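The exercises that follow are meant to be worked with the sequence and the coordinates side by side. Try each task before reading its solution.

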Amino acid sequence: STRHVRTHKDSDYGHQDGELNFWIPFTDLLLTDTTLWTETISGAGDFHRMNANEGEMIVFHGTSCRHYVNPNPTEYTRVSIDFRIGVEGYFDSAWQMVGTSDDHSRRKIQL
């Protein structure tokens with residue numbers, strides 16, 4: 001497939017600095033050769049392949065670090081899940097991206 005996730009940072013889509021990204025692939029990396037690529041720090045441009053396999057978790061600061069998923073060159077489908085958490089003390093529940101009225105729903109979970 002030529003479909004892929006373009007290079008971006010999540011702040012482009014209204015996410016704030018107080019969030020951390022979690023990415024978990026459910027497909028064997030060797031099956032699709034498709035994975036997450038991310039830079040080490042914001043603006044570095046030094047993209048590194050995240051060689052996570054089935055059930056392994058990658059945690060990164062996707063709000064400020066650019067990342068993408070390369071095109072899948074195989075006949076198999078890559079399946080993954082990603083989510084974000086707000087870090088207490090850094091996450092601003094009143095924050096809103098300038099120029100937008102849409103907001104992601106939020107739930108506070110006490111552990």
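## Confidence of the model

The mean pLDDT of the protein is 86, and 86% of its residues reach 70 or more. This is a predicted model, and in the protein the confidence is lowest in β1, at a mean of 85, and highest in strand β5 (residues 58–60), at 96.

## Exercise 1: aromatic pairs

Task: Find how many aromatic pairs the whole structure holds, and work out which residues the ring pairs link into a cluster.

Solution: A search of the whole structure finds three aromatic pairs. Begin with W37 and Y68, whose rings form a stacked pair with 5.9 Å centre to centre and 10° between the planes; the angle is under the 30 degrees that the stacked class requires. Next, place the two residues along the chain: W37 belongs to strand β3 and Y68 to strand β6, so this pair ties together parts that are 31 residues apart in sequence. As for its surroundings, W37 counts as partly exposed, at 21% relative accessibility.

Then turn to F47 and Y68, whose ring centres are 5.5 Å apart and whose planes stand at 65°, so the pair is edge-to-face. Since F47 lies in the loop between β3 and β4 (48–49) while Y68 is in strand β6, this pair ties together parts that are 21 residues apart in sequence. F47 is partly exposed as well, with a relative accessible area of 24%. Taken as a group, W37, F47 and Y68 are linked into a cluster by ring pairs.

## Exercise 2: the surroundings of β2

Task: Establish whether β2 is largely enclosed or open, and identify the strands that bridges join to it.

Solution: Start from accessibility, where a residue counts as buried under 20% relative accessible area. Six of the seven residues of β2 are buried, so the strand is largely enclosed by the rest of the structure. Then follow the bridges: seven of them join β2 to β7, and these two strands run antiparallel, with E19 standing opposite G86 in β7. Three bridges join β2 to β5, again in an antiparallel arrangement, and here the bridge partner of W23 in β5 is I58.

## Exercise 3: a cavity and a pocket

Task: Determine which residues line the largest cavity, and which residues lie nearest the centre of the second largest pocket.

Solution: A search of the whole structure finds one cavity of 30 Å³ or more, and the largest cavity has a volume of about 30 Å³. Its lining consists of W23, P25, T27, L29, T34, T35, A52 and R78, which divide into four nonpolar, three polar and one charged residue.

The second largest pocket holds about 190 Å³ of space. Of the 15 residues that line this pocket, W23, L36, H67, V69 and D82 lie nearest its centre. To see where the lining comes from, note that β1 (5–8), β2 (19–25), β6 (67–69) and β7 (80–86) each supply at least two residues. By class, the lining of this pocket has seven nonpolar, four polar and four charged residues.

## Exercise 4: a backbone angle

Task: Decide whether the phi of D33 is positive or negative, and where D33 is placed.

Solution: Most residues other than glycine have a negative phi. D33, although not a glycine, has a positive phi of about 55°. D33 is found in the loop between α1 (29–32) and β3 (36–38), and its relative accessible area of 36% makes it partly exposed.

Terms used
Residues numbered from 1 in each chain as written. Predicted model: local features only at pLDDT ≥ 70, side-chain atom pairs only at ≥ 80, totals over all residues. Heavy atoms only, no water. Helix = DSSP H or I, 4+ residues; strand = E, 2+ residues; numbered from the N terminus. Buried < 20%, exposed > 50% of the residue type's maximum accessible area, 1.4 Å probe, protein only. 1 Å grid on protein atoms, 1.4 Å probe; cavity = no way out; pocket = protein on both sides within 12 Å on 5 of 7 lines; lining within 4 Å. Points joined across faces, edges and corners; volume = space filled by probe spheres on them. Nonpolar A, V, L, I, M, F, W, Y, C, P; charged D, E, K, R; others polar. pLDDT = per-residue confidence, 0-100. Phe/Tyr/Trp six-rings, centres within 6.5 Å; stacked < 30°, edge-to-face > 60°. Pairing = 2+ DSSP bridges.
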